[in-house]
Each structure stands twice: as C-alpha cells, then as structure tokens.
Amino acid sequence: MEKRLLEELLPICTYVQSSYRPGRYMSVRWIDGSQTYDAEIEQRGAYVCENYYPPKAYLEVTSAVHPNDHLSRELLDTDGVAFGLDGLQRRKDRSIESVPVGYANRNFIEKFVGFVLEQLAKKEKKRYPPHTTLIVQCTLNLPYMPDEWSDLVDRVRSGVSTSQFKEIYLYDPLGRYSYTIFPKQEIADGAHQV
C-alpha cells in the first residue's frame, strides 16, 4: 500500500501545487479503495463562483513509462550502469542485456507519445464521474529539453480529440515540466454524478 500511496499522492500534490491560486481554493481528500478515482476535491473561490471550476471534482492518477523502465532500475541497482531503455532486454538466464541505441531526429519523442496515448486509451475505457481530471505522470525515456517537451505535448494533444476527462494534466517529475490539456468533453455512457 505504501508504494501505491506514493504513486498516487505525489502526482496529486504536483497537480494541486500547479492549480491552487487566489480564486481557486482546493481541499483534497485521497481515497484508498476500488472507486473509479483516487481523490476528491472540494473547490471554492471566485473561479468556482463564476463556474470556471465545479465545487466538487475528482482526480485519477496514471503513469506513462517505457516498458523497460523497471529493467533499467534493476540493472542500475545490480551493475551500476545501463544504456538507454530501448537497448534493454531480459535474457533467458534472467540477466539483463544492455546495448547502446541511437536515435534519429526526434523519434524517441514519437515513441513516448505512443506510451502516453496508450495510457489515455486505457483510462477512456473506464467510466469516471463528471469533472474528473486525469493526472499523467510521464517518466520520460530520456532527459528532455524544453522544446522536446513542447513537441511531446503537441503530439499528445493532437492525438486527443475528445475525452470524458475535463482536464488531462501531463507532468514530468525530473525535468519539472507540466502541461494541461482541456479536451473537448465527451459525456461517457453510464457516467453519473457521485
């Protein structure tokens, strides 16, 4: 439970830090359980009075990571060195092979866009209450420069036409990048006020 708690609370705290401001005061309650969201938010202030934000909203947390991220962490722990994520694979003897991999242009960004859109598609299959914000912690496949993060955001944004989520908040905890996408709202079948 402790690991899950951190995996959800740290992204929630990051979102609240970036969203809390005069006119939008927030009280957050993390909820452990099998409900379709990870936290409830009660909001008040001028932005709420003017209907920019609802008095009650919800947060759902997910992560977009390279599928070899765990292999990299394991190899760094055991051997102290690892090449990039695309050059890792587990051998039959359970050891990890690490080979260098080169990238052309920005194809590493396109690859990560696929991981983000895949997570978004998984979340869209479930039904969430109205006014739910999806927080996506992006554990990037390489250290990104600001223009590379902007490129990633542009590609993800163009891959999201409609969504049941009011906001999709993307952030990278290492580079401290963040961006909020406000997709065109799609009312999901079976969605209901909680």
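How many bridges join strand β2 to β3, and do they run parallel or antiparallel? I looked this up first. I found 4 bridges between β2 (residues 39-44) and β3, and the two strands run antiparallel. Glu40 has Tyr58 in β3 as its bridge partner.

**Confidence.** I note that the model is predicted. I read an average pLDDT of 90 for the protein, with 93% of the residues scoring at least 70. Among the elements, β2 has the highest mean pLDDT, 97, and strand β10 (residues 184-185) the lowest, 80. I keep in mind that predicted coordinates should not be read in detail where pLDDT is low.

**Sheet.** I then followed the strand order. The open sheet is formed by 6 strands, in the order β1-β2-β3-β6-β8-β9, with mixed pairing. Its edge strands are β1 (25-30) and β9 (177-181), each of which pairs on one side only. From one strand to the next, the twist averages 25°.

**From β3 to β6.** I moved along the sheet from β3. Strand β3 (residues 56-65) is mostly covered, with 7 of its 10 residues buried. I counted 8 bridges joining β3 to β6, and these strands run parallel. Within this pair, Ala64 stands opposite Cys138 in β6.

**From β6 to β9.** Strand β6 (residues 132-139) is also joined to β8 (residues 167-172), by 5 bridges and in parallel. Val136 stands opposite Leu170 in β8. After that the sense changes: β8 and β9 pair antiparallel, over 5 bridges. I located Asp172 opposite Tyr177 in β9. The hairpin of β8 and β9 has 4 residues between the strands, and Arg176 there takes a positive phi near 60°.

**Helix on the sheet.** Which strands does helix α5 touch? I found that α5 (residues 146-159) packs on the sheet and touches β6, β8 and β9. The direction of α5 makes about 20° with that of β9.

**Cores.** I turned to the nonpolar residues. The largest nonpolar core has 24 residues, of which Phe112, Leu152, Val156 and Leu170 touch the most other members. The elements giving two or more residues to this core are α4 (107-124), β6, α5, β8 and β9. The most comes from α4, with 7 residues. I took Leu152 as one of the well-connected members and listed its contacts, leaving aside neighbours within four places in sequence: Ile109, Phe112, Val113, Leu140 and Tyr144. I also found a second, separate core of 12 residues, including Ile12, Ala39, Ile41 and Val61.

**Asn68.** My last entry concerns a loop residue. Asn68 is found in the loop between β3 and α3 (69-78). Is Asn68 buried or exposed? Asn68 counts as buried because its relative accessibility is 16%, and the cut-off for buried is under 20%. Not counting residues up to four places away in sequence, I found Asn68 touching Leu85, Asp86 and Leu88. For Leu88 there is a polar detail to record: its backbone oxygen lies 3.1 Å from a polar atom of the Asn68 side chain.

Conventions. Residues are numbered from 1 along each chain as its sequence is written. Side-chain values use heavy atoms; hydrogens and water are left out. Two strands pair if DSSP finds at least two bridges between them. Axes are lines fitted to C-alpha atoms, for helices over the stretch in contact, and angles run from 0 to 180 degrees between N-to-C directions. Contact means heavy atoms within 4.5 Å. A nonpolar core is a set of buried Ala, Val, Leu, Ile, Met, Phe, Trp, Tyr and Cys residues joined through side-chain atoms within 4.5 Å. Buried means under 20% relative accessible area, exposed over 50%, partly exposed in between (1.4 Å probe, protein chains only). pLDDT is the predictor's confidence in each residue, from 0 to 100. A polar contact is a pair of N or O atoms within 3.5 Å; within protein, one must be able to donate a hydrogen and the other to accept it, and residues adjacent in sequence count only if both atoms are side-chain atoms.
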